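Me: I'd like a close look at one part of this protein, with enough of the surroundings to place it. Here is the model I have in mind.

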Amino acid sequence: MFDLIELLFFAYRDFVGDADRLLTRYNFGRAHHRVLYFVDRRPGLSVAELLDLLRITKQSLSRVLKDLLDQNYIEQRPGLLDRRQRLMYPTDKGEALALEVAELQSRRLARALATLPEGARAQAAAFLSAMCDPTTRDSAAGARR
């Protein structure tokens with residue numbers, strides 16, 4: 001399995017490297033990207049849900065979320081039923097940046113899948129899903145778009 005472990009390291013490095021280079025222009029890092037990605041994919045996500053999804057602490061989210069809010073990439077609104085809840089939504093600016101990064105990463109995935117036989121996308125999705133802990137698999141499958 002060492003060969004697969006190594007390939008996974010290199011594939012991840014290059015996959016996130018595309019986003020890293022783009023995000024550097026905005027003085028953002030991977031944490032900013034993860035937050036923006038999930039807020040864009042799941043508008044109305046609560047802070048508590050995001051913490052659970054990313055398995056991070058409030059403290060580690062705090063600075064990143066402040067940056068995204070202050071620079072108008074994300075906005076927070078109170079919950080409809082519980083006004084104490086803070087629900088996050090991407091702004092137009094946030095949606096545009098999330099799409100720009102997703103397009104970069106989508107091109108890398110498409111290039112790789114184009115080299116493989118028909119049906120490889122479904123197999124890749126099944127493989128990546130199987131790599132996730134069973135307790136988090138449902139959240140991994142909950143994306144929209």
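Does Phe15 count as buried, partly exposed or exposed, and at what relative accessibility? Please take me through its surroundings and then the rest of the chain.

Reply: Happy to. One thing to keep in mind from the start is that this is a predicted model.

Phe15 sits in helix H1. Its relative accessibility is 26%, and since buried means under 20% and exposed means over 50%, Phe15 counts as partly exposed. Setting aside residues up to four places away in sequence, Phe15 touches Gln105, Arg108 and Leu109. Gln105 deserves a look of its own: 90 residues separate it from Phe15 along the chain, yet their C-alpha atoms are 6.4 Å apart.

Now turn the view around and start from Gln105. This residue belongs to helix H5. Its relative accessibility is 8%, which is under the 20% limit, so Gln105 counts as buried. Leaving out residues up to four places away in sequence, the contacts of Gln105 are Phe15, Val16, Ala19 and His33. Phe15 and Gln105 therefore fall into separate classes, with Phe15 partly exposed at 26% and Gln105 buried at 8%.

Next, the nonpolar core. The largest one has 23 residues, and those with the most contacts inside it are Val35, Leu50, Ile74 and Leu97. At least two residues of this core come from each of helix H1 (2-24), helix H2 (30-41), helix H3 (47-54), helix H4 (58-70) and helix H5 (92-114). For a view from one of these residues, try Leu97: not counting residues up to four places away in sequence, it touches Leu22, Leu23, Tyr26, Phe28, Leu36 and Tyr73.

Two loops are also worth a stop for their backbone angles. In the loop between H1 and H2 you will find Asn27. Its phi is near 60°, a positive value in a residue other than glycine. With a relative accessible area of 69%, which is over the 50% limit, Asn27 is exposed. The loop between H4 and S2 holds Asn72, where phi is near 65°, again a positive value in a residue other than glycine. Asn72 has a relative accessible area of 43% and is partly exposed.

From there, move on to the sheet. It is an open sheet of 3 strands in the order S1-S3-S2, with antiparallel pairing. Strand S1 (45-46) and strand S2 (74-78) are the edge strands, each pairing on one side only. Between S2 and strand S3 (residues 86-90), the antiparallel pairing extends over 5 bridges. Two positions help you find the register here: Arg77 stands opposite Leu87 in S3, and the bridge partner of Gln76 in S3 is Met88. On the S1 side, 2 bridges join S1 to S3, also in the antiparallel sense. Leu45 stands opposite Met88 in S3, so Met88 can serve as a landmark for both pairings, facing Leu45 and bridging to Gln76.

Further along the chain, helix H6 (residues 120-131) contains Ala124. At 30% relative accessibility, Ala124 counts as partly exposed. The C-alpha atoms of Ala124 and Leu113 are separated by 8.7 Å, with their positions 11 residues apart along the chain.

Finally, step back to the whole chain. It has 7 helices and 3 strands, and from the N terminus on the elements run α-α-β-α-α-β-β-α-α-α. The C-alpha trace spans about 50 × 35 × 25 Å along its principal axes. Of the 145 residues, 28% count as buried, Gln105 being one of the buried residues. Taking contacts between residues at least 6 apart in sequence, 58% join residues at least 24 apart; the contact of Phe15 with Gln105, 90 residues away along the chain, is an example. About 10,100 Å² of the chain is exposed, and carbon and sulfur atoms supply 58% of that area. As for charge, the chain carries 23 positive and 19 negative charges, whose mean positions are 3 Å apart.

To return to your residue: Phe15 is a partly exposed position in helix H1, and it touches Gln105, Arg108 and Leu109.

Note on methods:
Residues are numbered from 1 along each chain as its sequence is written. This is a predicted model: local features need pLDDT of at least 70, side-chain atom pairs count only at pLDDT 80 or more; totals for chains, interfaces and linings use all residues. Side-chain values use heavy atoms; hydrogens and water are left out. Helices (H or I, at least four residues) and strands (E, at least two) are DSSP runs, numbered from the N terminus. Buried means under 20% relative accessible area, exposed over 50%, partly exposed in between (1.4 Å probe, protein chains only). Contact means heavy atoms within 4.5 Å. Accessible areas come from the Shrake-Rupley method with a 1.4 Å probe; for residues, only the protein chains shown count as cover. Lys and Arg count as positive and Asp and Glu as negative; His and the chain ends are not counted. The place of a charge is taken as NZ of Lys, CZ of Arg, CG of Asp or CD of Glu. A nonpolar core is a set of buried Ala, Val, Leu, Ile, Met, Phe, Trp, Tyr and Cys residues joined through side-chain atoms within 4.5 Å.
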